[in-house]
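Dear colleague,

I am passing on the structure below, together with notes on what turned up when I went through it. Please read the notes with the coordinates open.

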Amino acid sequence: MNPTAASPVTTAQSDLIAGLPPSFRWGVATAAYQIEGAVHEDGRTASIWDTYCRVPGAVANGETGDVACDHYHRMPADVALIQELGIDTYRFSVAWPRVQPGGRGPANPAGLAFYDRLVDELLGRGVDPWVTIYHWDLPQELEDAGGWPARDTAHRFADYSMLVFDQLSDRVRTWTTLNEPWCSAMLGYAHGAQAPGRRDFAAAINAVHHLLLGHGLATQRMRAASTGPIDLGITLNLGTAVPETDSELDLAAARRADGLGARIYLDPLRYGRYPADVVGDLAGRGVELPVRPGDLDTISTPIDLLGVNYYTGSLFSGVDEHGRAEDADGNPVQRAVQRGLPTTAMGWEIFPDGLTELLVRISRDYPALPIVITESGAAFDDRPDETGFVRDDDRTAYLGAHIAAVAAARQSGVDVRGYFAWSLLDNFEWAYGYEKRFGIVRVDYATQARIPKQSALWYRDTVRRVRSGG
């Protein structure tokens, strides 16, 4: 089945994409809780997401990841689908409570066995496995003991990382420790919008530091234990933060957004320090990062790649809708405003130029960090035809524009080496339940049938064209 109408990707974008080198890496990405299901099988215990999904009103329609895409049972067929689409890399995450129930103690052999089979299946089909060790599914017992705001969780994470690394490192070369620590810390502990659903800004800032510390501890231990070539990294969700106007209030709001959204992670990772202005802003709110001697040396342990997840960029205003510069708690206003661009089903503006700007900025401010776009994609209100096929011009256009934006960044000298579409499958979209579909492959949740969308076929054909040199 192939698209029948004119491509929504422009000629200029196609030409940029065609200029990518044959060595450019093409991938798809998923996350364990979003696709695996089987939450009560083979010794897996509860994660914070299993708990959060049971909180009334926390997740759309009261939905859970109990079954999700049933990937735990359908994995071989899903890997075959990746191969059929010509994709060379699969970025997946490992479920902490499946591998180490309760977050402490020895590995669960049955849990590790699933990832053993997954890696072998991928390699057998010529697909490179990229492991994300943590994608938000903290064992509930560790949250009960304090969660990421507690320093001990960083050490527990390093122990867990080594259980996975010791089992798979003979076949897996590329490892990313954390996916989007901003989401784990801020959405989970400050805003209450994701698991574990807490609203405590000071706890969230503690979580920022301990997530980064856990990354550094795990990176050091994996590097020391490696017996062959490996690439170690971390994945951050990043965007552009631009002032709405040149007013002092808007400039300050954009600076604060960039500080808490990007520099609070990139500066310690690359330079072993937290940004002075961010530390000052936190002090103004009575909050201090819980740094101990040696922590920043650990956090800045050299990495081999930086994963960047990009969905949109934002304008910021320093006043609210009523012109006030402080919120009800007396904190400076930092309000995201829209440019009037088209949006996805998430309400996120479609801004591919922001990806080029972001990549150029990272290359300038944090040089010598090879970059891979580890997530980029969009949710739209898909409408399947009578066969279940989705002609998603909107998603295809989104992918084309953003891959072209990556190619433009490469032309500007940025060392960006790959693009991974989010996501392979429609899946459990966290607090949105199953309402939002990001997949390039449609999942009929009633039957679990997988049907590649137009975007998947376009992606397949684009990969083939670039690999063949045009």
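In this predicted model, the axes of helix α15 (residues 393-411) and α16 come within 8 Å and cross at roughly 35 degrees. On the α15 side the contact is made by Asp-393, Arg-395, Thr-396, Leu-399, Gly-400 and Ile-403, which meet Gln-454, Ser-455, Trp-458 and Tyr-459 of α16. Sorted by class, the residues of this contact are 4 nonpolar, 4 polar and 2 charged.

Helix α16 also takes part in one of the salt bridges, of which the structure holds 38. Arg-467 pairs with Asp-88, the closest N and O atoms being 3.2 Å apart. Because Arg-467 lies in α16 (residues 454-467) and Asp-88 in the loop between α4 (71-84) and β2 (89-93), this pair ties together parts that are 379 residues apart in sequence. The two partners fall into separate accessibility classes, since Arg-467, at 36% relative accessibility, counts as partly exposed, while Asp-88, at 17%, counts as buried.

A further salt bridge joins the side chains of Lys-453 and Asp-426, with 2.9 Å from N to O. Here, too, distant parts of the chain are linked, as Lys-453 sits in the loop between β13 (449-452) and α16 and Asp-426 in the loop between β11 (416-422) and β12 (441-444), 27 residues apart. Both Lys-453 and Asp-426 are buried.

Asp-320 and Arg-324 form another salt bridge, in which the closest N and O atoms are 2.9 Å apart. Asp-320 counts as buried at 13% relative accessibility, whereas Arg-324 is partly exposed, with a relative accessible area of 47%. Elsewhere, salt bridges link several residues into a network made up of Arg-255, Asp-258, Arg-263, Asp-277, Asp-281, Arg-361, Arg-364 and Asp-365.

The loop between β11 and β12, already mentioned for Asp-426, has some backbone features that deserve a careful look. A cis peptide bond joins Trp-422 and Ser-423, with omega at about 5 degrees, and Ser-423 lies in this loop. Trp-430 has its place in the loop between β11 and β12 as well, and its phi is near 55 degrees, a positive value in a residue other than glycine. At 4% relative accessibility, Trp-430 counts as buried.

Glu-63, which is found in the loop between α3 and α4, touches Cys-53, Phe-428, Tyr-432, Gly-433, Tyr-434 and Glu-435, if residues up to four places away in sequence are not counted. With 23% relative accessibility, Glu-63 counts as partly exposed. The C-alpha atoms of Glu-63 and His-40, which are 23 residues apart along the chain, are separated by 16 Å. The loop between α3 and α4 also contains Ala-68, whose phi is near 50 degrees and is again a positive value in a residue other than glycine. Ala-68 is buried, with a relative accessible area of 5%.

Turning to enclosed space, the count comes to 3 cavities of 30 Å³ or more, and the largest cavity has a volume of about 60 Å³. The lining of the largest cavity is formed by Ile-48, Trp-49, Tyr-134, Trp-136, Trp-148, Cys-183, Ser-184, Tyr-189, Gln-194, Ala-195 and Pro-196. At least two lining residues come from each of α3 (48-52) and α9 (181-190), and α9 gives the most, with 3 residues. By class, this lining divides into 9 nonpolar, 2 polar and no charged residues. Two of the lining residues, Ala-195 and Pro-196, are joined by a cis peptide bond, with omega at about 5 degrees, and Pro-196 is found in the loop between α9 and α10 (201-225).

Among the open pockets, the second largest holds about 240 Å³ of space. This pocket is lined by 14 residues, of which Arg-25, Trp-130, Asp-231, Val-372 and Arg-417 lie nearest its centre. The lining of the second largest pocket divides into 7 nonpolar, 2 polar and 5 charged residues, whereas that of the largest cavity has no charged residues.

With best regards

Conventions. Residues are numbered from 1 along each chain as its sequence is written. This is a predicted model: local features need pLDDT of at least 70, side-chain atom pairs count only at pLDDT 80 or more; totals for chains, interfaces and linings use all residues. Side-chain values use heavy atoms; hydrogens and water are left out. A salt bridge is a side-chain nitrogen of Lys or Arg within 4 Å of a carboxyl oxygen of Asp or Glu. Helices (H or I, at least four residues) and strands (E, at least two) are DSSP runs, numbered from the N terminus. Buried means under 20% relative accessible area, exposed over 50%, partly exposed in between (1.4 Å probe, protein chains only). Axes are lines fitted to C-alpha atoms, for helices over the stretch in contact, and angles run from 0 to 180 degrees between N-to-C directions. Contact means heavy atoms within 4.5 Å. Ala, Val, Leu, Ile, Met, Phe, Trp, Tyr, Cys and Pro count as nonpolar, Asp, Glu, Lys and Arg as charged, and the others, Gly among them, as polar. On a 1 Å grid over the protein atoms alone, a cavity is a set of points where a 1.4 Å probe fits but cannot get out, and a pocket is an open set with protein on both sides within 12 Å along at least five of seven lines; lining residues have an atom within 4 Å of a point. Grid points are joined across faces, edges and corners, and a volume is the space filled by probe spheres set on the points.
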